[in-house]
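Let's take a walk through this protein, starting from the inside and working outwards. Keep the viewer open and click along as we go.

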Amino acid sequence: MKQNVTYTDLHAAERALQKLESLPPLVTPTEIKKLRESLKEVALGNAFLLQGGDCAELFDYCSAGQIDAKIKLLLQMSLVLIWGGNIPVVRIARMAGQFAKPRSSLTEVVHGKEIPSFRGDNINGFAHDERTPDPNRLVTSYFHSAATLNYLRAQLASGFADLHYPFEWTLAHVQDDDTKKQYQGIVDSITDAISVDLFTSHEGLLLEYEQSLTRLLKDQRDGEMKWYNTSAHFIWIGDRTRQLDGAHVEYFRGIENPVGIKVGPSMDNEELVKLLDIVNPKKEVGKITLITRYGCDKVEIKLPGHIKALQSLATLLQCDPMHGNTRSSGSGVKTRQFSSIISELTTALRVHKENGSRLGGVHLELTGEPVTECVGGSQGLTDKDLSLNYTTYCDPRLNNKQALEAAFLIAGYYRDGKMKGGAWFKGMK
């Protein structure tokens with residue numbers, strides 16, 4: 001099994017997994033079914049999928065302020081996309097469970113000493129003396145996920161996303177007057193009530209955790225008993241764990257949840273078709289979301305072949321323009337160039353159109369905070385600015401303004417047929 005965790009205390013690990021098995025589900029079959037139906041509409045071209053959130057959640061992110069900031073940003077982005085595409089937007093947050101991260105190396109050398117790599121708060125701690133995998137963190141991650149979900153549901157039920165409460169939809173965190181003016185114009189132009197659902201997701205990396213929260217539950221619509229992953233509404237297989245004969249693919253093919261599959265430049269067309277035959281043998285529309293993450297210089301090479309291989313399958317394709325565009329700054333800090341992110345999105349949109357297909361959504365690593373982790377954008381951030389507010393413990397994220405810029409650019413494409421800038425986007429690099 002790829003990316004598996006080895007615990008030194010096997011009895012503690014067994015107790016943690018038994019505890020997880022006894023705890024109630026975090027999400028329900030009804031919610032999962034609702035998302036599958038929504039994603040079917042996306043696959044059929046009747047909606048657009050917006051998925052975003054932290055690269056790797058920390059337990060410390062489970063606070064009202066941080067959760068509110070992410071909810072607000074995703075809702076604001078979706079409002080812009082509704083305006084641009086004139087279609088509904090399905091919202092999925094990388095939240096309430098996105099703790100674990102795959103690593104290319106399970107160890108690293110710090111001050112001449114080899115120690116385990118930080119693999120996410122549900123496995124080990126970032127501090128050097130907390131790097132030994134601790135199975136009790138699995139249970140802790142459950143309760144942080146539960147608290148986040150509880151607060152998320154409470155906020156949405158309390159009218160946090162209601163357009164009739166404009167205070168919640170303002171851009172008080174953005175100083176640019178042109179941005180505020182353009183955004184407020186969109187809010188004013190949308191007078192119909194908008195139904196707001198926000199689903200949760202994470203990479204299904206730790207199979208012990210996922211299996212412990214998998215339940216045989218009744219589908220209220222047909223009365224049949226089915227297997228549901230109740231840790232989140234949507235989980236995905238990473239590019240490192242999508243082997244055809246691997247444990248992750250075997251697990252994912254057995255659950256009712258809609259699932260994502262990361263598709264990188266190493267995936268050939270034949271392998272992709274075989275993978276879909278395994279995970280979705282009934283060819284159910286809305287079951288699978290393919291999340292392409294090539295890098296801006298490889299989209300035009302790889303995407304056309306993947307589209308042609310899938311033409312008879314009605315599969316939802318989503319663009320992740322983040323993971324293939326990571327680089328190191330001159331000082332060795334991991335970052336991403338905003339122009340490369342937008343370039344991958346632009347090329348994906350064009351290639352889909354040229355091949356008679358449609359980009360169904362976008363998958364972004366972002367935060368509601370004013371971090372300085374990705375460079376470029378209208379703020380003109382450079383490598384020298386990374387140290388101003390670089391807080392990620394894993395990969396760099398778009399800040400609140402950069403994420404909104406991306407939403408405006410996508411909306412502009414669907415509204416006017418092309419990505420375009422203008423005064424609001426001047427300085428994008």
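A good place to begin is the middle. The largest nonpolar core in this predicted model has 91 residues, and the ones with the most contacts inside it are Met77, Tyr209, Ile261, Leu290, Leu303, Leu366 and Leu398. Which helix gives the largest share of this core? That would be α3, with 10 residues. Pick out Leu366 and look around it: leaving out residues up to four places away in sequence, leucine 366 touches Gly52, Gly53, Asp54, Leu73, Leu74, Met77, Arg397, Leu398 and Ala403. There is also a second, separate core, with 12 residues that include Leu49, Val90, Ile92 and Trp236.

Now zoom out for a moment. The protein is built from 11 helices and 15 strands. Of its 429 residues, 56% are buried. If you take the contacts with a separation of 6 or more, 75% of them link residues 24 or more positions apart.

Back to α3, and to a partner that comes from much further along the numbering. Helix α3 covers residues 64-85 and helix α11 covers residues 400-416; the two pack at an angle of about 15°, with 7 Å between their axes. Angles under 35 degrees count as roughly parallel, and so α3 and α11 are roughly parallel to each other. The crossing of α3 past α11 is right-handed. On the α3 side, the contact is made by Leu73, Gln76, Met77, Val80, Leu81, Trp83, Gly84 and Gly85, and on the α11 side by Asn400, Ala403, Leu404, Ala407, Phe408, Ile410, Ala411, Tyr414 and Arg415. Sorted by class, that is 12 nonpolar, 4 polar and 1 charged residues. Two names here should ring a bell: Met77 is among the core residues with the most contacts, and Ala403 is one of the residues that leucine 366 touches.

Helix α11 has another partner as well. Helix α10, residues 338-354, packs with α11 at an angle of about 25°, and their axes are 11 Å apart. That angle makes α10 roughly parallel to α11, and their crossing is right-handed. Here Phe338, Ile342, Leu345, Leu349, Arg350 and Lys353 of α10 meet Gln402, Glu405, Ala406, Leu409, Ile410, Tyr413 and Tyr414 of α11. The class count for this contact is 9 nonpolar, 1 polar and 3 charged residues.

Stop at one of those residues, glutamine 402, which lies in α11. Is glutamine 402 buried or exposed? Its relative accessible area is 0%, so it is buried. Setting aside neighbours within four places in sequence, glutamine 402 is in contact with Phe338, Cys374, Val375, Gly376, Gln379, Leu381 and Arg397.

Follow α10 round and you come to helix α9, residues 299-309. The two pack at an angle of about 35°, with their axes 10 Å apart, and α9 passes α10 in a right-handed crossing. Val299, Glu300, Leu303, Pro304 and Ile307 of α9 make the contact with Glu344, Thr347, Ala348, Arg350, Val351 and His352 of α10. By class, you get 6 nonpolar, 2 polar and 3 charged residues. Leu303 is another name from the list of core residues with the most contacts.

A quick stop at helix α8, residues 269-279, which is where valine 273 sits. With a relative accessibility of 26%, valine 273 counts as partly exposed. Its C-alpha atom is 7.2 Å from that of leucine 310, although the two residues are 37 apart along the chain.

Last, have a look at the backbone in two loops. Most residues other than glycine have a negative phi. Alanine 96, though, has a positive phi, near 65°. You'll find alanine 96 in the loop between β2 (89-94) and β3 (107-110), and it counts as buried, at 0% relative accessibility. Histidine 111 has a positive phi too, near 55°, and is placed in the loop between β3 and β4 (113-116). Histidine 111 counts as exposed, with a relative accessibility of 79%.

Methods. Residues numbered from 1 in each chain as written. Predicted model: local features only at pLDDT ≥ 70, side-chain atom pairs only at ≥ 80, totals over all residues. Heavy atoms only, no water. Axes fitted to C-alpha atoms, helices over the stretch in contact; angles between N-to-C directions. Helix = DSSP H or I, 4+ residues; strand = E, 2+ residues; numbered from the N terminus. Parallel < 35°, antiparallel > 145°, perpendicular 65-115°, else oblique. Left-handed = near helix turned anticlockwise from the far one by under 90°. Contact = heavy atoms within 4.5 Å. Nonpolar A, V, L, I, M, F, W, Y, C, P; charged D, E, K, R; others polar. Buried < 20%, exposed > 50% of the residue type's maximum accessible area, 1.4 Å probe, protein only. Core = buried A, V, L, I, M, F, W, Y, C linked by side-chain atoms within 4.5 Å.
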